[in-house]
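Student: I should like to understand how the terms used for a protein model are justified. May we go through some of them together?

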Amino acid sequence: MRLQIPLVITFLIGCFMAVQFFVPHEIFQGSFESLLAWARIVGAFALVLGIGSLLRTHWEKIRRRRRDWPYSVVTILSFLAMCV
């Protein structure tokens, strides 16, 4: 059940996007814009949570000198280099 519900939602949204692309109608355009706005909001929150999780996890490994902690230093430095 935990796997099926997200798959059904993804399938339905994908079908809607395909119909909207091939049938450019005003009704679909309004729904598409609304759906796109929600996708941007959810994407922004997911990005913030992902960055926070990455930094927190690897910072703890470095701070406690856990096994393979130098790889965490490389991960954080690589992330910062990508941001620049």
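Tutor: The following exchange sets values from this predicted model against the definitions behind the terms.

Student: What makes Phe-21 and Phe-22 an aromatic pair, and why is the pair called edge-to-face?

Tutor: Ring centres must lie within 6.5 Å to pair, and planes over 60 degrees apart count as edge-to-face. The centres of Phe-21 and Phe-22 are 5.1 Å apart with 85° between the planes, so both conditions are met. By this rule the count comes to one aromatic pair.

Student: Why is Phe-21 called exposed?

Tutor: Exposed means over 50% relative accessible area. Phe-21 has 62% relative accessibility, so the term applies. Phe-22, with a relative accessible area of 64%, is therefore exposed by that rule as well.

Student: Why is Phe-28 called partly exposed?

Tutor: Buried requires under 20%, and exposed over 50%. The relative accessible area of Phe-28 is 24%, which lies in between, so Phe-28 is partly exposed. This residue belongs to helix α2 (residues 26–63). Leaving aside neighbours within four places in sequence, Phe-28 is in contact with Phe-16, Val-19, Gln-20 and Val-23.

Student: How far is Arg-65 from the ring centre of Trp-69?

Tutor: Arg-65 lies over the face of Trp-69, at 4.2 Å from the ring centre. The distance cut-off is 6 Å, so that value satisfies it.

Student: What is the mean pLDDT of the protein chain?

Tutor: The mean is 91, and 100% of the residues reach 70 or more. Among the elements, helix α1 has the lowest mean, 90, and helix α3 the highest, 95.

Methods:
Residues numbered from 1 in each chain as written. Predicted model: local features only at pLDDT ≥ 70, side-chain atom pairs only at ≥ 80, totals over all residues. Heavy atoms only, no water. Phe/Tyr/Trp six-rings, centres within 6.5 Å; stacked < 30°, edge-to-face > 60°. Buried < 20%, exposed > 50% of the residue type's maximum accessible area, 1.4 Å probe, protein only. Lys NZ or Arg CZ within 6 Å of the ring centre and 35° of its normal. pLDDT = per-residue confidence, 0-100. Helix = DSSP H or I, 4+ residues; strand = E, 2+ residues; numbered from the N terminus. Contact = heavy atoms within 4.5 Å.
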